Amino acid sequence: MKSAAPNAEISARPILELCLSEAIHSLAWVRYSSRTILVGSSNKYLKLLDLRVSETPKGVQSVNTKAVFGVAVAPFNDHHVASFVDNTIAIWDMRSFDKPVLALAQKKHIIKIHWCPTRHNLLGSLQRDSSAIHLHDVQQSMDEGEATVLERSVRHIHIQSN
């Protein structure tokens, strides 16, 4: 019996392994570079890894932070990234990656974050034991160095029909 894929054995193995001695909590592909990923690792680092560098990719940039969970790249801004830890969402600008440009404190622990795929600067978050989706409309003015955050909670309303 012939195999459908002649190189099935080769393709079943990873072509590259990264961060072997670290726990990876989250990762996201960077939009402006198809060979760059952002990883949250070891409960203390966000690392930008360039896969083109060599056989063993090196971190292009790294920042020491506890906000390593749920790494998400904004769909309409190549340089904005969100991540979280406990009850804080951090918004990062990868052009100045030393500290978050914005920290959003929430009432409860965050479970997940996700950028809206159709609306610029809208970030959704789910919080533990909450019946609402929290929407954060982050309007960022990089020239002025300040941000305006409009937060809305969306609750599920169940309508029972007869």
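**Exercise 1. Salt bridges**

Task: In this predicted model, determine which side chain meets Asp-93 in a salt bridge, and state how many salt bridges the structure holds.

Solution. Start from Asp-93, whose side chain meets that of Arg-95 in a salt bridge with an N to O distance of 2.9 Å. Next, consider the setting of the acidic partner: Asp-93 has a relative accessible area of 1% and is therefore buried, the cut-off for this class being under 20%. Then count the pairs: the structure holds 2 salt bridges, and one of them joins Asp-137 to Arg-119, with the closest N and O atoms 3.1 Å apart. This pair links distant parts of the chain, since Asp-137 belongs to strand 11 (residues 132-141), while Arg-119 sits in the loop between strand 9 (110-115) and strand 10 (122-127), 18 residues apart. As background, side chains of opposite charge can pair when their charged atoms come close.

**Exercise 2. The two ends of the Asp-137 pair**

Task: Decide whether Asp-137 is buried or exposed, and assign Arg-119 to its accessibility class.

Solution. For Asp-137, the relative accessible area is 11%, so this residue is buried. For Arg-119, the value is 44%, and the residue therefore counts as partly exposed, a class that lies between the limits of 20% and 50%. Finally, return to the atoms: the side chains of Asp-137 and Arg-119 also make a polar contact, at 3.1 Å.

**Exercise 3. The overall layout**

Task: Describe the order of the secondary-structure elements, and find what percentage of the residues counts as buried.

Solution. The count comes before the order: the protein has 1 helix and 12 strands, and, read from the N terminus, the elements run α-β-β-β-β-β-β-β-β-β-β-β-β. Turning to burial, 36% of the 162 residues count as buried. The accessible surface comes to about 10800 Å², and carbon and sulfur atoms account for 51% of this area. As for the reach of the contacts, among those with a separation of 6 or more, 31% are between residues 24 or more positions apart.

**Exercise 4. The nonpolar cores**

Task: Identify which residues have the most contacts inside the largest nonpolar core, and which elements give two or more residues to this core.

Solution. The largest nonpolar core has 15 residues, and those with the most contacts inside it are Leu-38, Leu-46, Val-71, Val-81, Trp-92, Met-94 and Phe-97. Two or more residues of this core come from each of strand 3 (45-50), strand 5 (69-73), strand 6 and strand 7. To see one member in detail, take Val-81: leaving aside neighbours within four places in sequence, its contacts are Leu-38, Val-71, Ala-72, Val-73, Ala-90, Ile-91, Trp-92, Met-94 and Trp-115. A second, separate core has 13 residues, among them Ala-72, Ala-82, Ile-91 and Leu-123. In general terms, nonpolar side chains tend to be buried together in soluble globular proteins.

As a counterpart on the outside, a nonpolar surface patch of about 250 Å² is made by Ile-111, Leu-126 and Ile-133, and Ile-111 lies in strand 9.

**Exercise 5. Positive phi values in loops**

Task: Locate Asp-86 and Asp-129, and give the phi of Asp-86 and of Asp-129.

Solution. Asp-86 is placed in the loop between strand 6 (80-85) and strand 7 (88-93), and its phi is near 45°, a positive value in a residue other than glycine. With a relative accessible area of 45%, Asp-86 is partly exposed. Asp-129, in the loop between strand 10 and strand 11, likewise has a positive phi in a residue other than glycine, here near 55°. At 69% relative accessibility, Asp-129 counts as exposed, the cut-off being over 50%.

**Exercise 6. His-109 and Gln-139**

Task: Find where His-109 is placed and which residues it contacts beyond its neighbours within four places in sequence; then give the C-alpha distance between Gln-139 and Leu-122.

Solution. His-109 is in the loop between strand 8 (102-105) and strand 9, and with a relative accessibility of 33% it counts as partly exposed. Apart from neighbours within four places in sequence, His-109 is in contact with Asp-86, Asn-87, Leu-126, Gln-127 and Arg-128. His-109 and Asp-86 are 23 residues apart in sequence, while their C-alpha atoms are 4.8 Å apart in space. Gln-139, by turn, lies in strand 11 and counts as partly exposed at 40% relative accessibility. Gln-139 and Leu-122 are 17 residues apart in sequence, with a C-alpha to C-alpha distance of 8.6 Å.

Terms used: Residues are numbered from 1 along each chain as its sequence is written. This is a predicted model: local features need pLDDT of at least 70, side-chain atom pairs count only at pLDDT 80 or more; totals for chains, interfaces and linings use all residues. Side-chain values use heavy atoms; hydrogens and water are left out. A salt bridge is a side-chain nitrogen of Lys or Arg within 4 Å of a carboxyl oxygen of Asp or Glu. Buried means under 20% relative accessible area, exposed over 50%, partly exposed in between (1.4 Å probe, protein chains only). Helices (H or I, at least four residues) and strands (E, at least two) are DSSP runs, numbered from the N terminus. Contact means heavy atoms within 4.5 Å. Accessible areas come from the Shrake-Rupley method with a 1.4 Å probe; for residues, only the protein chains shown count as cover. Patches are made of residues with over 30% relative accessible area and no salt bridge: like charges are joined within 9 Å, nonpolar side chains (Val, Leu, Ile, Met, Phe, Trp, Tyr) within 5 Å. A nonpolar core is a set of buried Ala, Val, Leu, Ile, Met, Phe, Trp, Tyr and Cys residues joined through side-chain atoms within 4.5 Å. A polar contact is a pair of N or O atoms within 3.5 Å; within protein, one must be able to donate a hydrogen and the other to accept it, and residues adjacent in sequence count only if both atoms are side-chain atoms.
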